[in-house]
Every structure is written in C-alpha cells, then in structure tokens.
Amino acid sequence: MASRFDWEELRVPEIIDGMTALLVAPVILTVASAVKQPGVQSAIKEGITLAERCKEALAETTETIENLAAEVNSELIAQKQAQSNSQSYVPSKQFDIGGELMHALSEANLEMRRLTNGLVDWRLIVPLGLGSLAIRQLLIKGLQLDEIPWYTLAWYAFDSFAKLNDSSESSS
C-alpha cells in the first residue's frame, strides 16, 4: 500500500512565509529604525505631499484638456452643419479618381476596338483570358483543389462576360 503525504497538513506555505520573514527581517529592521529618524520621516512626508500635488495637477490638466477637446468638437460639428446647410453636395476626390479610371478604361477599350476593326474589345478579352486560365488549370492540375481552382476561374470568366456584355447597358 502506497503511503500518501498530505502537504496541507504540513502547512508548507506557512513554513515558507516564516523562513522568508527570518531572511528579510534584518533588512526590514534597519529600514524601520531609519524611518524613526526625523529626517527620514520628513522626507517621506514631503514625498507623499509631492505625490498628492502631482495627482492634483494631473487631474486639473486632464480636465482642461477634456474641456478644450469638447469645445473643439462642438465647433467642428457646428462648422460641418453650417457647411452642409449652405452648400450643395460636392463629390470628393475619390469619386473623381474613379471617374478618371473609368474614362481611361473606356479609352483603352475604344483603342482595342480601333486596332481590331471592331472585332475584339476588352469585354471579350478579359473573360476569354479567365476562361483560358480555367482550362489550363483544369488540364494541368485536374480536378484538384489548389490555389485558384479551375471552377473559380470558369465562374469568373462567365460572370465577367455576362456583366461586361449586359444588353441593358449602353455600349461604349
């Protein structure tokens, strides 16, 4: 039969605390005797007073900064409301960049049509390119699911062809 030793009965944490107290006692006693000296006591009092003054100054500074931030926020909100009430909506630069990109793509599409005498444009080349990548992926990898599976490329080819050649939109 195996004997079991019960650590809770031995009260190991209390023994460790007692040994620590015995080892640290000389340091604590010298600090305590030093604290009894009037110079050390006044230095501790001054340190506590200085810490309280710093806390008060920090609290006042924080309150001042929060008040300034609230004033600035209210002024900004008032300015935005005044601008929105006085001016009509003006598109931001992002919309202008998007318009310029669409214009450049339209120009490239017209140039492709001109070079091929109207036979081919980008609305045909993009889906054909994606479709050919799908067929290549299918032939090389088979039906394996790798980085970009063939069926994803096939779907992109079909979807881009359908969207780029939508008959409800006017052709450019």
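**Close-up views of a predicted model**

A search of the whole structure, which is a predicted model, finds four salt bridges. The legends below cover the overall fold, the salt bridges and two surface patches.

**View 1. The protein chain has six helices and zero strands.** Read from the N terminus, the elements run α-α-α-α-α-α. Of the 172 residues, 7% count as buried. The chain averages a pLDDT of 75, and 81% of the residues score at least 70. Confidence is lowest in helix H1 (residues 7-10), with a mean of 62, and highest in H3, with 81. Where pLDDT is low, the predicted coordinates should not be read in detail.

**View 2. Glu 111 and Arg 114 form a salt bridge in helix H4.** The closest N and O atoms of the pair are 2.3 Å apart. Both residues belong to helix H4 (residues 93-115), and because they are three residues apart there, about one helical turn separates them. Glu 111 counts as partly exposed because its relative accessibility is 36%, whereas Arg 114, at 52%, counts as exposed.

**View 3. Arg 113, Asp 121 and Arg 123 are linked in a network of salt bridges.** Within this network, the side chains of Arg 123 and Asp 121 meet at 3.4 Å, N to O. Arg 123 and Asp 121 are both buried.

**View 4. Lys 163 and Asp 159 form a salt bridge in helix H6.** The closest N and O atoms are 3.3 Å apart. The two residues lie four residues apart in helix H6 (residues 150-164), about one turn of the helix. With a relative accessible area of 56%, Lys 163 is exposed. Asp 159 has a relative accessibility of 21% and so counts as partly exposed, the cut-off for buried being under 20%.

**View 5. A nonpolar patch on the surface draws on helices H2 and H3.** The patch is formed by Leu 23, Val 24, Val 27, Ile 28, Val 31, Val 35, Ile 44 and Ile 48, which together have about 700 Å² of accessible area. Helix H2 (12-35) and H3 each supply at least two of its residues; the largest share, six residues, comes from H2. Ile 48 is found in helix H3 and is partly exposed, with a relative accessible area of 49%.

**View 6. Five glutamates gather in a patch of negative charge on the surface.** The residues are Glu 52, Glu 56, Glu 60, Glu 63 and Glu 66. Glu 60 is placed in helix H3 (residues 38-86). At 53% relative accessibility, Glu 60 counts as exposed, since the cut-off for exposed is over 50%.

Note on methods
Residues are numbered from 1 along each chain as its sequence is written. This is a predicted model: local features need pLDDT of at least 70, side-chain atom pairs count only at pLDDT 80 or more; totals for chains, interfaces and linings use all residues. Side-chain values use heavy atoms; hydrogens and water are left out. Patches are made of residues with over 30% relative accessible area and no salt bridge: like charges are joined within 9 Å, nonpolar side chains (Val, Leu, Ile, Met, Phe, Trp, Tyr) within 5 Å. Accessible areas come from the Shrake-Rupley method with a 1.4 Å probe; for residues, only the protein chains shown count as cover. Lys and Arg count as positive and Asp and Glu as negative; His and the chain ends are not counted. The place of a charge is taken as NZ of Lys, CZ of Arg, CG of Asp or CD of Glu. Buried means under 20% relative accessible area, exposed over 50%, partly exposed in between (1.4 Å probe, protein chains only). pLDDT is the predictor's confidence in each residue, from 0 to 100.
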